[in-house]
Amino acid sequence: MATSGDDRKLLLLLHQMRERRCARWFLRPVDPVADGVPNYLEIIKAPMDLGTIGHKLERGAYEEREDYAEDVRLMINNALTYNPDPQSRVHKDAIELSTFFENKWNGIAVRNQTKKKENSI
């Protein structure tokens with residue numbers, strides 16, 4: 001990760017996502033037995049959730065900020081893949097969380113680009 005400032009921004013964004021009602025499906029890894037989705041790991045080859053993203057962030061596993069964004073997008077894509085019906089609650093919540101994330105992420109990216117330009121002047 002480039003700076004501790006980046007870490008703080010990503011932790012804040014993670015916290016904001018976790019606090020959203022639509023994130024309830026994404027707080028912990030899917031347990032195929034407990035969650036009643038026995039074929040989950042047959043369909044989803046690279047599971048991801050906000051808890052895992054938080055652990056990776058805390059231990060400095062993200063080399064670049066974009067790696068964090070890729071994990072969030074993977075989590076959302078997994079939900080949409082496993083729950084393809086646009087009327088399903090998980091599908092709707094995944095879209096809502098994705099929209100929230102992308103709006104916040106774009107704001108972070110714009111601020112970072114502005115800082116880089118200012119620092120290069």
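1. Arg-20 is partly exposed, its relative accessible area being 31%. In this predicted model, Arg-20 makes a salt bridge with Glu-96, and the closest N and O atoms are 3.6 Å apart. Arg-20 sits in the loop between α1 (4-19) and α2 (40-43), while Glu-96 belongs to helix α5 (residues 89-120), so the pair ties together parts that are 76 residues apart in sequence. Glu-96 is also partly exposed, with a relative accessibility of 36%.

2. A second salt bridge starts from the loop between α1 and α2, where Arg-24 lies. The side chain of Arg-24 meets that of Asp-93 at 3.3 Å, N to O. Asp-93 is in helix α5, and the two residues, 69 apart, link distant parts of the chain. Is each partner buried or exposed, or in between? Arg-24 has a relative accessible area of 33% and is partly exposed. Asp-93 is at 2% relative accessibility and counts as buried, because the cut-off for buried is under 20%.

3. Arg-24 and Asp-93 should also be read together with Arg-89: the three are linked in a network of salt bridges. How many salt bridges does the structure hold? There are 7, among them the pair Arg-20 and Glu-96 and the pair Arg-24 and Asp-93.

4. Arg-73 is a residue of helix α4. Its side chain forms a salt bridge with that of Glu-66, at 2.8 Å from N to O. Both partners are partly exposed: Arg-73 has a relative accessibility of 27%, and Glu-66 has one of 36%.

5. Which residues does Arg-73 touch, leaving aside those up to four places away in sequence? They are Glu-66, Phe-101, Glu-102 and Trp-105. Glu-66 is thus on the contact list as well as being the salt-bridge partner of Arg-73. Another pair to look at is Arg-73 and Ser-98, which are 25 residues apart in sequence, with 7.5 Å between their C-alpha atoms.

6. The packing of two helices comes next. Two packed helices are described by the angle between their axes and by the distance between those axes. For helix α3 (residues 50-58) and helix α4 (residues 65-82), the angle is about 170 degrees and the axes are 10 Å apart. An angle over 145 degrees counts as roughly antiparallel, and α3 and α4 are therefore roughly antiparallel to each other. The crossing in which α3 passes α4 is right-handed.

7. Which residues meet where α3 and α4 pack? From α3 come Leu-50, Ile-53, Lys-56 and Leu-57. From α4 come Tyr-68, Asp-71, Val-72 and Met-75. To see this in the structure, start from Leu-50 and Ile-53 in α3, and then look for Tyr-68 and Val-72, which are among the α4 residues they and their neighbours meet.

8. Lys-45 is found in the loop between α2 and α3. With a relative accessibility of 65%, Lys-45 counts as exposed, because exposed means over 50%. How far apart are Lys-45 and Asn-78, in sequence and in space? The two are 33 residues apart in sequence, and their C-alpha atoms are 8.8 Å apart.

9. Some totals for the protein chain follow. Its secondary structure consists of 5 helices and 0 strands, and the pattern along the sequence is α-α-α-α-α. The chain has 121 residues, of which 36% count as buried. Its accessible surface is about 7,500 Å², and carbon and sulfur atoms account for 52% of that surface.

10. Among contacts in the protein chain with a separation of 6 or more, 65% are between residues 24 or more positions apart. Two of the salt bridges above also join parts far apart in sequence: Arg-20 and Glu-96 tie together parts 76 residues apart, and Arg-24 and Asp-93 are 69 residues apart.

Note on methods:
Residues numbered from 1 in each chain as written. Predicted model: local features only at pLDDT ≥ 70, side-chain atom pairs only at ≥ 80, totals over all residues. Heavy atoms only, no water. Helix = DSSP H or I, 4+ residues; strand = E, 2+ residues; numbered from the N terminus. Buried < 20%, exposed > 50% of the residue type's maximum accessible area, 1.4 Å probe, protein only. Contact = heavy atoms within 4.5 Å. Areas by Shrake-Rupley, 256 points an atom, 1.4 Å probe, with all protein chains shown as cover. Salt bridge = Lys/Arg side-chain N within 4 Å of Asp/Glu carboxyl O. Axes fitted to C-alpha atoms, helices over the stretch in contact; angles between N-to-C directions. Parallel < 35°, antiparallel > 145°, perpendicular 65-115°, else oblique. Left-handed = near helix turned anticlockwise from the far one by under 90°.
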